[in-house]
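Thanks for passing this one along. Here are my notes, in the order I would read them next to the viewer.

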Amino acid sequence: MFELERLEGRTVALERITADNAARFAAGLAPKITPELFALMAAAPETFDAEGMAAYLLGSVERAISVPFCVVEKATGEPVGVTHLFKDDRADTTCEIGGTWYVEPAQGTAVNPDCKLTLLACAFDELGMERVMFMADATNARSRRGIEKLGARFEGTLHRHVPFRDERKEICRLRDSVVYAITRPDWPECRAKIEAALASRITPASSPG
């Protein structure tokens, strides 16, 4: 897995979630969480209090299939979301950005373009990736629009791909996943597009100085 601890964006920092800091991040996130935030996500906390959020964050650490990051606003030091960088074990030059969510006050701000720009720059410029993939629920129009705004290209649909489970842990539906990607030749144009989107959303209040 990638040896990454902290990534610095312009308005956010991405801090790797560990067993040592999960409870601290959970305590900051829990008061801002609503169950609706996870309605279209396959994995959700058992409860939405600090204890449930801590268990949810620790689950990502223990599964060790990705590098889980807490998205922290630099101006306030407050956690505002979570994102993951997954390594594709079948192709050393491919990774995936996913499992991303932000609390409602951070949605539609500089947080998402800054987070994505920081992760993509790390993937292409530091880790030497040739392809960065994104996946979303085919029914999640908001998530799809967000991915498309990055300049990612639609590659297809994986039908009946991800199981959703009910409170009894039984499969209640199978999600169709749409797949997008940015490749190294796409990166300069996508970088410029994301930088422009970020600049348009940065305000004196959202910039650390």
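1. A disulfide here is a pair of cysteine sulfur atoms within 2.5 Å. By that cut-off, a search of the whole structure, which is a predicted model, turns up zero disulfides.

2. Why does Cys 115 have no partner? Its closest cysteine sulfur belongs to Cys 70 and lies 10 Å away, so the two are too far apart for a bond. Cys 115 is also buried, at a relative accessible area of 0%.

3. Cys 190 tells a similar story: the closest cysteine sulfur, in Cys 95, is 14 Å away and therefore too far for a bond. With 4% relative accessibility, Cys 190 is buried as well.

4. Next, the packing. The largest nonpolar core has 56 residues, and those touching the most other members are Leu 57, Trp 101, Leu 120 and Phe 134. The biggest contribution to this core comes from helix α3 (residues 111–126), with nine residues.

5. Which residues does Leu 57 touch, not counting those up to four places away in sequence? They are Ile 17, Ala 22, Phe 25, Ala 26, Leu 29 and Val 82.

6. Please have a look at Thr 100 too, which sits in strand β5 (residues 94–102). Thr 100 is partly exposed, with a relative accessible area of 24%. Beyond neighbours within four places in sequence, Thr 100 contacts Met 41, Val 82, Thr 83, His 84 and Lys 116.

7. Two distances help to place Thr 100. Its C-alpha atom is 5.5 Å from that of Val 82, 18 residues apart along the chain. The side chains of Thr 100 and Thr 83 are joined by a polar contact of 2.6 Å.

Note on methods. Residues are numbered from 1 along each chain as its sequence is written. This is a predicted model: local features need pLDDT of at least 70, side-chain atom pairs count only at pLDDT 80 or more; totals for chains, interfaces and linings use all residues. Side-chain values use heavy atoms; hydrogens and water are left out. Buried means under 20% relative accessible area, exposed over 50%, partly exposed in between (1.4 Å probe, protein chains only). A nonpolar core is a set of buried Ala, Val, Leu, Ile, Met, Phe, Trp, Tyr and Cys residues joined through side-chain atoms within 4.5 Å. Helices (H or I, at least four residues) and strands (E, at least two) are DSSP runs, numbered from the N terminus. Contact means heavy atoms within 4.5 Å. A polar contact is a pair of N or O atoms within 3.5 Å; within protein, one must be able to donate a hydrogen and the other to accept it, and residues adjacent in sequence count only if both atoms are side-chain atoms.
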